[in-house]
Amino acid sequence: MTNPHLPRRALLGAGAGLLAMPAVLRAQPAAVRIGVLQPLTGALAQDGELGRFGAEQAAAFINANGGLSALGGAKVELVVADARSNPEAGAQEVEKLQGEGVVAIVGGFASPICLAASQAAARYDLPYVVDVGVADQITARGLANTFRFAPGFAAVTSAAVENLVRLNDGAGKPCKTVVLVHEDGLFGSGLARLMATELPRHGFEVLETIPHPTPARDMNNIALRLRSLRPDLLIPSSYYGEFVLLARTMRQQRIRPKGIYAVLNGAASNYRFVKEFPDAALGVMDCNHWQDPKNAEAIALKAAADTAGKFWGYNIPLNYSCVKLVADAVNRAGAADRGRVTQALAASDYSGHIMPYGPTRFVNGQNQGARPVNTQVQDGDIKVIFPAEVANARPVFPIQG
């Protein structure tokens, strides 16, 4: 791009200089801009920062390994936007990213943000790759621009129930009663409805479903209710701060069910919780997103996060994989063209991710190769206990009783 403020003589001089440069320097391709939308401020800022870190590590990896080969080694340039932990801001930031000329957007984290942001992106036929948002409404709208790399509500619920039954049966069925505690937004409410429907079909009695707001500053009333109900099993679906508060309150009040079996929990699969509150975290299980613990690239990424002083969470490997997915689509499209990138994503068979998935295959915007895993906090670490082929530990269950 020329600078309109330079005089013509300067431009001519610059042109002569360029002619004298080696061809490889003159042919340096333009960077490909990818938008990264995360809640970097507000209640979800911790998750947003982890997502940004994962995306940045992916861009660095791509650029250090030759860039985008089909575009002459073009580098990936991230344009980061702050969704400010609410859907309205997320949609506003899409407008800014559109103006920045990004070829696609990755991220959103929370389901309401992903819904609003992907809808806004659809107005510009701008490809949108959801990193975490699990609400199945995201892919049910039939938006051709929207792709979810990770599993949604239905897939996670199915796996969570299947693995819970396997876990309980294997231990001699110690758990018969359940209480569901969930955040009262789109994510938690939808998940609680699905679990309340599925669990009785497998012999579990749901004693009560207890919602809470996000953010929440006190969990004493919920803890008192749990003490009164005395469930065998607690199944929480909450964001980070709320579950940490609940787990600590339960620990302080000596409320100890036979197991805490979280589903898509913001803290149960986050090393900050494990390191800062090891007593409250011990034994907590989660059915959630997680990297393949045996993947060498995933191991290297976690080491980089540790070196950078980041508490590891699933946001990092998911956004890392999503940026690499978009880069692969741009490569296969052969151009930083939104329409062609959308087509490349729709036809993707990408397998260079670090998740315990099969090859990527989108049907109606949902990656059919995606699946959750079950983790458990053991000895100050987060271990994978299901599925067997990627597990690096055996489950400890029941914890009490």
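Is Thr214 buried, partly exposed or exposed in this predicted model? With a relative accessible area of 28%, Thr214 is partly exposed, because the partly exposed class lies between the limits of 20% and 50%.

**Figure 1. Surroundings of Thr214 and the cis peptide bond to Pro215.** Thr214 is placed in the loop that runs between strand S7 (205-212) and helix H9 (220-229). Pro215 belongs to the loop between S7 and H9 as well, and the peptide bond from Thr214 to Pro215 is cis, with omega near 0 degrees. Apart from neighbours within four places in sequence, Thr214 makes contact with Glu183, Asp184, Tyr239 and Glu242. Leu44 lies 170 residues away from Thr214 along the chain, and 9.7 Å separates their C-alpha atoms.

**Figure 2. The largest cavity and its lining.** Two cavities of 30 Å³ or more are found in a search of the whole structure. The volume of the largest cavity is about 110 Å³. It is lined by 14 residues, of which Val132, Val134, Phe187, Tyr239 and Tyr314 are the closest to its centre. By class, the lining of the largest cavity comprises eight nonpolar, six polar and no charged residues. Tyr239, one of the residues closest to the centre of this cavity, is also among the contacts of Thr214.

**Figure 3. The second largest cavity, lined from strands S6 and S8 and helix H8.** The second largest cavity has a volume of about 30 Å³. Its lining consists of Leu180, Val181, His182, Leu191, Ala192, Met195, Ile235 and Ser237. At least two lining residues come from each of strand S6 (177-183), helix H8 (186-198) and strand S8 (233-237). Six of the lining residues are nonpolar and two are polar, with no charged residue.

**Figure 4. The second largest pocket and the backbone of Arg254.** The second largest pocket has a volume of about 260 Å³. Residues that line it include Leu226, Arg227, Arg230, Asp232, Met250, Arg254, Arg256 and Lys258. The full lining divides into six nonpolar, no polar and six charged residues. Arg254, one of the lining residues, is situated in the loop between helix H10 (240-252) and strand S9 (259-263). Its phi is near 55 degrees, a positive value in a residue other than glycine. Arg254 has a relative accessible area of 62% and is therefore classed as exposed, the limit for that class being over 50%.

**Figure 5. Cys114 and Cys322, two cysteines outside any disulfide.** The structure holds zero disulfides. For Cys114, the nearest cysteine sulfur is that of Cys322, at 9.8 Å; a disulfide would require the two sulfur atoms to be within 2.5 Å. Cys114 is buried, with a relative accessible area of 0%. Cys322 likewise counts as buried, at 0% relative accessibility.

**Figure 6. Backbone geometry at Asp379 and at the Phe397 to Pro398 bond.** Asp379 is not a glycine, yet its phi is positive, at about 50 degrees. Asp379 occupies the loop between strand S13 (373-378) and S14 and is exposed, with a relative accessible area of 79%. Phe397 and Pro398 are joined by a cis peptide bond, with omega about -5 degrees. Pro398 is located in the segment after strand S14 (381-386).

**Figure 7. Residues 32-374, annotated as a domain in UniProt.** The unreviewed UniProt entry assigns the feature "domain: Leucine-binding protein" to residues 32-374. Over these residues the chain is 45% helix and 17% strand, and 36 Å separates the end C-alpha atoms.

Methods. Residues are numbered from 1 along each chain as its sequence is written. This is a predicted model: local features need pLDDT of at least 70, side-chain atom pairs count only at pLDDT 80 or more; totals for chains, interfaces and linings use all residues. Side-chain values use heavy atoms; hydrogens and water are left out. Helices (H or I, at least four residues) and strands (E, at least two) are DSSP runs, numbered from the N terminus. Buried means under 20% relative accessible area, exposed over 50%, partly exposed in between (1.4 Å probe, protein chains only). Contact means heavy atoms within 4.5 Å. UniProt positions are given in the numbering used here, feature names are shortened, and annotations may be inferred rather than shown by experiment. On a 1 Å grid over the protein atoms alone, a cavity is a set of points where a 1.4 Å probe fits but cannot get out, and a pocket is an open set with protein on both sides within 12 Å along at least five of seven lines; lining residues have an atom within 4 Å of a point. Grid points are joined across faces, edges and corners, and a volume is the space filled by probe spheres set on the points. Ala, Val, Leu, Ile, Met, Phe, Trp, Tyr, Cys and Pro count as nonpolar, Asp, Glu, Lys and Arg as charged, and the others, Gly among them, as polar.
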